[in-house]
Structures are given as C-alpha cells and as structure tokens.
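Biologist: I am a first-year student, and I would love a close look at a single part of this protein. Could you walk me through it slowly and show me what surrounds it?

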Amino acid sequence: MRDLKIPEQRHPEKARRPDNAQPKKPNWIRVKAPGGKAYAETHKIMRDNSLVTVCEEAGCPNVGECWSQGHATMMIMGEVCTRACTFCNIATGKPPEDLDAFEPGRVAHAVEKLGLNHVVVTSVDRDDITDGGADHFAQTIRAIRHRSPKTTIEILTPDFIKCDPSVLEVVVEARPDVFNHNLETVPGLYPEVRPGARYFHSLRLLQRVKELDPTMFTKSGIMVGLGEDTQAVRQVMDDMRMADIDFLTIGQYLQPTPKHHGVDRFVTPEEFAAYEKAAFGKGFLMVSSTPLTRSSYHAGDDFARLREARQKKFSQG
C-alpha cells in the first residue's frame, strides 16, 4: 500500500533522478503559513465530503489565503495522476480506484455549503479511462448547477490526448462558464517538463472549445522560471491569441521537491508586469501575471472582470 505522504512513494518515477538544488525564495514569493478559523472550516468541509483539492495536492502557496476566504479548488477523479510531469507535485502512477459515481454530488454539496459564487473544478489525468473523465466532468458541472444555480463554474481539464476527439463535446455541452486548460510552459521545454503532452494538441483543444461554443470563455496559463526566454513566452501569447483564448495566467514556477525540475530563476515582479502589458496589447480580455498567480487564484474576481471586459468590447463595436 502506497503512502502518498512519502515523496519517494508519491513520485516513484522520480526516485532515481538526481537532486536539483532548491534556491532560496526572494521576499516577493513568501507567504503566511495557513491557519485561522475560516481556514479550519474550509478544511473540515473538504474532509467531511471526502474531497481532494489541488490546493493541497499541488502544494499551492496561496492555500492559506484562499481557504481563509472559503475558496478551494476541487480536484476530481482521485489523487493519483497517470502522467509524470516534472514540475507537478500531484502523486503519479496507476490510479488504484475507478471513478466514484457519487463524487459529483459531494462536490456540489461542498460548493453549496461553502456558498461559493464561483468554483474551480480540476482533475488528475486519467489516461486509464476511455473518455479521460470527460463525462465525469460533465456530471460534476450538472450537479453543481442543480444545487447552486447561481454559482459560475470554471473547469481546468486534462488534454484528453488519448481519447476520441468527440469527448470534448461532452464537456462543452455541459456549459461551464470558463473552460481552462493550461499549456504550462513554452513548446521547447515540453520534452523535459511535460513529456506526456503535446503543445499543439493542447492549443488545438482550446481552439476547438471556441469552435464548439464561441460564447464560452477560454483560459490557459504558463509558468515561468523553468528555463524559457522572453521571446518564447511572447510566442506562446501569440499562439494563444490565434486560438482565440480569452484569459492568460502567468506565474512563477516553484519546485516541490529536489527531485522535480529545478528552478532556473525567480522572475521579478517588474518582468511579470511587462508580460501583463504585452499580453493585453495582444488582445487578451483578461491577464493575471504575478509571481504568485495560479490558475484558480482570485478566479472569481477575475471572472467578473473578464465578463466586464467582454461587455465593454462588444459595446465598443
């Protein structure tokens, strides 16, 4: 029986990798330790409903802030991922269980209990399932709509690379408010950082969402500090705009363990601001580019601004 709290068992494929030094974080990266009454209440709701969160599994630095506000990003389809990305702290290997048919209902109950105006639902990759979990995403969306009809729903999906292309239609037809799929890094780093994925497949996935439903907001994000250069980041921006992606997030890569991909450098807040300015100049409706930006960080507030930006664009003709 694996103990997923032990790094060697959490990432068995990385056990023989050489250690990468973990540089000291600059002061603009440091955050307060999680705690407090509201944080504890959110934690209790997650445990009472037997839910997994990417906040915990991926070691997000913003968990203290978000959970103290009652915000948690639900991670469905288990806690073991079939991929082995070198940046990610989610446990890897063969998932020990089938999909839980009752999970969509438990997610919906937690969303209702937390009183969320906006919820983000993500998942592990499940390459062991024929549809990659597409129907499970759709069921979760419908369950949340049933119990919390006023809550807006943002999903962060896998790439469904081993599935029939039609599975994407199942997710889009469930009508999430935001369809997010992260490109994660520049194409030149995919073989090392995201070896199980393909850059242009992920880009095409997001483009197809817009073709299936032109009104649906699309979103994607990358990490910096992995070894990319500025020109490559700006090219990713151009590629995303060609795919009609509305919302871009850029955040600093933080190394979970010595066995993970090393941090090449810490990108300064000034550089993040320059990326944000460049992205808005390329036509994104919404951009979040800061050292601590993550896909679901301040997602509800950002969604409100995203809708306002679209309305403003349409009103201007």
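My eye has landed on one glycine. What is the relative accessible area of Gly93, and is the residue buried, partly exposed or exposed? Please go on from there to its surroundings.

Modeller: Happy to! Please keep in mind that this is a predicted model. Gly93 has a relative accessible area of 31%, so it counts as partly exposed, because that value falls between the 20% limit for buried and the 50% limit for exposed. To find Gly93 in the picture, look at the loop that runs between strand β4 and helix α5, the helix of residues 103–114.

Now compare the sequence with the fold. Gly93 and Val80 are 13 residues apart along the chain, and their C-alpha atoms are 6.3 Å apart in space. Take one step along from Val80 and you reach Cys81, which belongs to strand β3, made of residues 80–81. Gly93 is among the contacts of Cys81 that are over four places away in sequence; the others are Ile90, Ala91, Thr92, Val124 and Asp125. Cys81 is buried, because its relative accessible area of 10% is under the 20% limit. So the partly exposed Gly93 is in contact with a cysteine that is itself buried.

Cys81 is worth a pause for another reason. UniProt, in an unreviewed entry, gives the feature "binding site" to Cys81, Cys85 and Cys88. That label comes from the record, and such annotations may be inferred rather than shown by experiment.

Let us follow the annotation to Cys85. This residue is found in the loop between β3 and β4, the strand of residues 91–92. Cys85 is buried too, with a relative accessible area of 13%. Beyond its neighbours within four places in sequence, Cys85 is in contact with Lys14, Val193, Arg194 and Pro195. Some of these partners carry numbers far from 85, so trace them on the structure and see how the chain brings them together.

You may be wondering whether these cysteines are bonded to each other. The structure holds zero disulfides. The cysteine sulfur closest to that of Cys81 belongs to Cys88 and lies 6.5 Å away, which is too far for a bond, because a disulfide needs the two sulfur atoms within 2.5 Å. Cys85 is in no disulfide either, and its nearest cysteine sulfur, again that of Cys88, is 6.4 Å away.

One of the contacts of Cys81 gives us a path further inward: Asp125. This aspartate is among the residues that line the largest cavity. Arg83, Arg126, Asp127 and Gly132 are also in that lining, as are Pro158, Asp159, Phe160, Ile161 and Cys163. The cavity has a volume of about 30 Å³, and the count of cavities of 30 Å³ or more comes to one. If the idea of a cavity is new to you, picture this: rolling a probe the size of a water molecule over the atoms shows where empty space is left.

Going back along the chain from Cys81, you meet Met77 in the loop between β2, residues 74–76, and β3. Met77 is buried, with a relative accessible area of 2%. Its backbone deserves a look as well. Most residues other than glycine have a negative phi. Met77, however, has a positive phi of about 75°, although it is not a glycine.

In the other direction, the loop that holds Gly93 leads to helix α5, and Gly105 sits in that helix. Gly105 is partly exposed, at 38% relative accessibility. Its C-alpha atom is 9.0 Å from that of Arg147, a residue 42 places away along the chain.

Just past Arg147 comes Ser148, in the loop between α6 and β6, the strand of residues 152–156. Ser148 is buried, with a relative accessible area of 9%, and it touches Val111 and Glu112, leaving out residues up to four places away in sequence.

So, to return to your glycine: Gly93 is partly exposed at 31%, and it is in contact with Cys81, one of the cysteines that the UniProt record places in a binding site.

How values were computed:
Residues are numbered from 1 along each chain as its sequence is written. This is a predicted model: local features need pLDDT of at least 70, side-chain atom pairs count only at pLDDT 80 or more; totals for chains, interfaces and linings use all residues. Side-chain values use heavy atoms; hydrogens and water are left out. Helices (H or I, at least four residues) and strands (E, at least two) are DSSP runs, numbered from the N terminus. Buried means under 20% relative accessible area, exposed over 50%, partly exposed in between (1.4 Å probe, protein chains only). Contact means heavy atoms within 4.5 Å. On a 1 Å grid over the protein atoms alone, a cavity is a set of points where a 1.4 Å probe fits but cannot get out, and a pocket is an open set with protein on both sides within 12 Å along at least five of seven lines; lining residues have an atom within 4 Å of a point. Grid points are joined across faces, edges and corners, and a volume is the space filled by probe spheres set on the points.
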